[in-house]
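Here is a friendly walk through one structure, from its loops to its core. Have the coordinates open and follow along.

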Amino acid sequence: MYLSLEKLRFKKELNYTIDIKNVEDIMLPPLLIQPFIENSLIHGLLHKEGQKNLKITFELNETLICTISDNGIGRDKSKAIKLRQRSEHESFSGKAILKRFEILSNVFEGDFGYKYEDLFENNEAIGTKVILSIPIKHKF
């Protein structure tokens, strides 16, 4: 639903795919991945000219792996824009995500985590990828 609404804002320039591979009957805590998708849209894709692509992939191994990739401007250019705008705003989402993952790690007795990777081609930023690791509980 969230991506459908964002597609209205970005018009025809935004394409997104959600690939669930071998993942079925998995319940996620509400709004767990939405802040990462929002960051991708606002910080990476909003400032990119032309076609904007977002890919969300779920894979189930010992943990659930969610990968969010975009072809945005990259984290360095995004930081430069923030500096030019002299934004004193401190990100609430970053702190909230860390706290939430800490709480979920304790409740589910597993390591929730994420890492960012900058995507490059010929030494030029071509996007960002975030990889979320989400432990799962099996009901037997």
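## Two loop residues with positive phi

N123 sits in the loop between β4 (113-121) and β5. This is a predicted model, and in it N123 has a positive phi of about 60° although it is not a glycine. Most residues other than glycine have a negative phi. Is N123 buried or exposed? N123 has a relative accessible area of 78%, so it counts as exposed, the cut-off for that class being over 50%.

L31 is worth a look as well. It is not a glycine, yet its phi is positive, at about 55°. You will find L31 in the loop between β1 (14-19) and α2. With a relative accessible area of 60%, L31 is exposed.

## The largest nonpolar core

Now turn to the interior. The largest nonpolar core has 23 residues, and the members that touch the most others are I37, L41, L54, I56, I68 and L132. Which elements each supply at least two residues of this core? They are α1 (2-10), α2 (34-45), β2 (52-60), β3 (64-70), α4 (92-108) and β5. The most generous of them is α2, which gives 4 residues.

L41 and L54 are good places to see how this core is joined up. L41 belongs to helix α2, and because its relative accessible area is 0%, it is buried. Setting aside neighbours within four places in sequence, L41 is in contact with Y2, L3, E6, F10, L14, L46 and L54. L41 and N53 are 12 residues apart along the chain, with 9.5 Å between their C-alpha atoms. L54 has a long list of partners too: leaving out neighbours within four places in sequence, L54 is in contact with L3, N15, Y16, T17, I37, S40, L41, L45, I68, S69 and D70.

## How α1 meets α2

The pairing of α1 and α2 deserves its own view. Their axes come within 11 Å and cross at roughly 10°. That angle makes α1 roughly parallel to α2, since angles under 35 degrees fall in that class. The crossing of the two helices is right-handed.

Which residues make the contact? From α1 come Y2, L3, E6, R9 and F10, and they meet Q34, I37, E38, L41, I42 and L45 of α2. Sorted by class, the contact of α1 with α2 has 7 nonpolar, 1 polar and 3 charged residues. L41 appears here again as one of the α2 residues, having already come up among the core members with the most contacts to other members.

## Buried positions in β3 and α4

T67 has its place in strand β3. T67 has a relative accessible area of 17% and is therefore buried, as the limit for that class is under 20%. Leaving aside neighbours within four places in sequence, T67 is in contact with K55, I56 and T57, and also with K129, V130 and I131.

S105 lies in helix α4. Its relative accessibility is 16%, so S105 counts as buried. Apart from neighbours within four places in sequence, S105 is in contact with G110, D111 and F112.

## N71 and its distant partners

Where does N71 lie? N71 is in the loop between β3 and α3 (75-84). Along the chain, N71 and I126 are 55 residues apart, but their C-alpha atoms are 5.4 Å apart in space. Not counting neighbours within four places in sequence, N71 is in contact with L45, K48, Q51, K52, N53, I126 and G127. L45 is one of these partners, and it is also among the α2 residues that meet α1.

## K137, after β5

To finish, follow the chain past the last strand described here. K137 is found in the segment after β5 (124-134). Is K137 buried or exposed? Its relative accessible area is 58%, so K137 is exposed.

K137 still has partners elsewhere in the sequence: not counting residues up to four places away, it touches V107 and F108. K137 and L8, by contrast, are 129 residues apart in sequence and 36 Å apart in space, C-alpha to C-alpha.

Key:
Residues numbered from 1 in each chain as written. Predicted model: local features only at pLDDT ≥ 70, side-chain atom pairs only at ≥ 80, totals over all residues. Heavy atoms only, no water. Buried < 20%, exposed > 50% of the residue type's maximum accessible area, 1.4 Å probe, protein only. Contact = heavy atoms within 4.5 Å. Core = buried A, V, L, I, M, F, W, Y, C linked by side-chain atoms within 4.5 Å. Axes fitted to C-alpha atoms, helices over the stretch in contact; angles between N-to-C directions. Parallel < 35°, antiparallel > 145°, perpendicular 65-115°, else oblique. Left-handed = near helix turned anticlockwise from the far one by under 90°. Nonpolar A, V, L, I, M, F, W, Y, C, P; charged D, E, K, R; others polar.
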